[in-house]
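The following exercises ask you to trace strand pairing and helix packing from the coordinates, with each solution worked out step by step.

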Amino acid sequence: MKAAEHHPSARQVWTWLADVPDPEIPVISLVDLGIIRDVAWEEEGLVVTVTPTYSGCPATTIINLDIERALNERGIEKVRLKRQLSPAWTTDWISAEGREKLRTYGIAPPIDGTAADGVLMKRIDRLSGRSNLTIACPRCGSANTEKISQFGSTPCKASYRCTDCLEPFDYFKCI
């Protein structure tokens, strides 16, 4: 961008991006999910730094297209998406508002403090199901739940069932 050109503030761009839904869980925005890492104006235009939830996420292409479309619709023509893999995304980056949106939608949000923390054995125990995490039912709040499958409706979720209300639900796995 030329110095004389005016462009929206980074704060305004963040506000616009907060309206872009995740394509797999449309009740949570990309900002709430924590995958938008930075927004900055550079000489060639707007640069949006994105960290996918994991490197093989099948929604990455759609996410990128949705970001570009949202910004183009607001008059930003030159957008460059910068993929940042390090540090790796973690469920710790999901906002408090995003966690509540997940719960209201019927997906149990990740439990605070259980994301990848560099402690290999804790991570292995959690992923193998040997840990004693209590996942509360997002529908009735009961702690009487059981894991049905490590894999849910998308790769980032596991399937659970509440033994009180008998409803199945997804748990957003800690990564």
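**Exercise 1.** Find which residue in β6 is the bridge partner of glutamate 146, and then follow the pairing of β6 with strand β7.

*Solution.* Within β6, arginine 161 is the bridge partner of glutamate 146. This model is predicted, so that local features need pLDDT of at least 70 and side-chain atom pairs pLDDT 80 or more, while totals for chains, interfaces and linings use all residues. Residues are numbered from 1 along each chain as its sequence is written, and side-chain values use heavy atoms, without hydrogens and water. Strands here are DSSP runs of E with at least two residues, helices runs of H or I with at least four, both numbered from the N terminus, and two strands pair if DSSP finds at least two bridges between them. Strand β5 (residues 145-149) pairs with β6 in the antiparallel sense over four bridges, and β6 pairs with β7 (residues 168-172), also antiparallel, over five bridges. In β7, phenylalanine 172 is the bridge partner of lysine 157. The hairpin of β6 and β7 has five residues between the strands, and there leucine 166 takes a positive phi near 65°.

**Exercise 2.** Determine the strand order of the open three-stranded sheet, and explain why β1 and β3 each have one side without a neighbour in the sheet.

*Solution.* The order is β1-β2-β3, with mixed pairing. Because β1 (36-42) and β3 (79-83) stand at the edges, each with a single partner strand, one side of each is left without a neighbour in the sheet. Strand β2 (residues 45-50) runs parallel to β3, joined by five bridges, and valine 50 has arginine 83 in β3 as its bridge partner.
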